[in-house]
Amino acid sequence: MFMTILRLGFLSASVAFYALTFSAQAQESAADLAKKLSNPIASLISVPFQGNYDGGYGPDDGSKYTINVQPVIPFTLNEDWNLISRTIVPIVWQNDIAGPSGDQFGLGDTTQSLFFSPKKPTSSGIIWGVGPVFLLPTATDDLLGGGKWGAGPTAVALKQSGPWTYGALVNHIWSFAGDDDRQDVNSTFLQPFISYTTPKAWTFALNTESTYNWEAEQWSVPINFTVAKLVKVNKQPVQLMAGVRYWAQSPDNGPDGFGARLAVTFLFPK
C-alpha cells in the first residue's frame with residue numbers, strides 16, 4: 001500500500017512538471033537553489049512530495065504512511081512585497097490507528113498558509129513573513145481528519161549566513177465551524193530549523209515540527225534529521241531527500257519511537 005501511495009505521489013509530480021511553466025536556462029547554481037529550498041518563503045516555485053512513516057499508534061501498534069503534497073508558489077505584489085502561498089495536502093494510508101480500527105486511505109485535512117514577505121532582508125539579514133493560516137476539512141474519512149474549519153495567524157523568520165540557514169516557523173489555529181460532535185481545534189505549531197548546504201548542493205537539516213494541543217493539553221514533538229541532494233534531470237532541478245525522525249513526545253495513543261521520511265521536490269526557478 002505504501003508503494004502505491006509513493007507511485008501516486010510520483011505520478012502527481014510528473015503532472016505538476018508538465019503543468020507548470022519555467023525557464024530551463026536558469027542561471028542559479030545547484031547550491032544556490034538548494035539553499036533557497038531551506039527558506040520556507042523563498043521566491044521560488046517548488047512542489048515537494050514528502051513521504052512519512054510513523055508507527056506505535058494505540059494499543060495495537062498502528063501505523064501511518066503519509067504523502068504531503070506541498071506546493072509553494074510566490075506572487076509579486078509590488079516592488080517591495082511578495083505573497084508566498086504554502087499548501088499542505090496529505091494523502092494518508094493508516095492501519096489500526098485507533099485500536100482495531102482497520103484501514104483507511106484517502107485525503108487528510110488541508111493546511112493553507114499565506115505569507116506577506118518583504119523582497120529584501122532587513123539590515124541585519126533577517127528574512128521574515130506574516131499572514132493567515134487556514135485549516136480546511138478535506139479529509140475523506142472521520143479517522144483521517146478533525147472535521148473542523150480553522151484559521152489563525154502564522155509567521156516565519158530566518159537568517160542565511162554563508163552555508164547556514166536557521167530560523168523558525170510558527171502558527172496557531174482555532175476552529176470556528178464544522179462538525180459539532182468533533183473536538184474543537186486550538187493548537188500551536190512550532191518549527192525551529194537549522195540547515196547547512198555544501199557547495200556540492202548537499203543539505204543537512206535538523207528541525208522539530210512540534211504541536212501543542214490546548215484542548216487535550218498534550219505535546220507532539222518529532223525531531224527530524226534529513227540529508228538532501230539537489231540534482232538536475234534533463235535540466236530540471238530536483239531535490240532528493242531522506243531522513244529519520246524520533247518522537248521525543250507524543251499524545252496518548254500517538255506515534256512512538258522512530259519514523260522515516262523520503263521526499264522529492266521539483267523546482268521551477270524563474
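This passage describes confidence, strand pairing and two buried residues in a predicted model.

Confidence is a helpful place to begin. The protein chain has an average pLDDT of 90, and 90% of the residues reach at least 70. Two stretches fall below 50. In residues 2–8 the pLDDT is below 50, and the model gives this stretch 11 contacts beyond near neighbours in sequence. Residues 10–27 likewise stay under 50, with 22 contacts beyond four places in sequence.

Attention can now turn to strand β1, which spans residues 45–57. Of its 13 residues, 10 are buried, so the strand is largely enclosed by the rest of the structure. Strand β1 has two pairing partners to consider here. With strand β15 (residues 258–268), β1 runs antiparallel and is joined by 9 bridges; within this pairing, V47 has F266 as its bridge partner. With strand β2 (residues 62–69), the pairing is again antiparallel, over 7 bridges, and G51 is found opposite I67 of β2. Strands β1 and β2 form a hairpin with 4 residues between them, where G58 adopts a positive phi near 65°.

Further along the chain, I173 offers a close-up of strand β9, which covers residues 164–178. The relative accessible area of I173 is 7%, and this residue is therefore buried, the cut-off being under 20%. Setting aside residues up to four places away in sequence, I173 touches V133, L135, G150, A151, V185, N186 and S187. One of these, A151, is 22 residues from I173 along the chain, yet the two C-alpha atoms are separated by 5.1 Å. As general background for reading such strands, side chains in a regular strand alternate between the two faces of the sheet.

A second residue worth a look is S195, located in strand β10 (residues 186–197). S195 has a relative accessibility of 5% and so counts as buried. Its side chain makes a polar contact of 3.2 Å with the side chain of S38. Beyond its neighbours within four places in sequence, S195 is in contact with S38, P163, W164, T165, T203, F204 and A205. S38 therefore appears both in the list of contacts and as the polar partner of S195, whose 5% relative accessibility places this serine among the buried residues.

Terms used. Residues are numbered from 1 along each chain as its sequence is written. This is a predicted model: local features need pLDDT of at least 70, side-chain atom pairs count only at pLDDT 80 or more; totals for chains, interfaces and linings use all residues. Side-chain values use heavy atoms; hydrogens and water are left out. Buried means under 20% relative accessible area, exposed over 50%, partly exposed in between (1.4 Å probe, protein chains only). Contact means heavy atoms within 4.5 Å. Two strands pair if DSSP finds at least two bridges between them. pLDDT is the predictor's confidence in each residue, from 0 to 100. A polar contact is a pair of N or O atoms within 3.5 Å; within protein, one must be able to donate a hydrogen and the other to accept it, and residues adjacent in sequence count only if both atoms are side-chain atoms.
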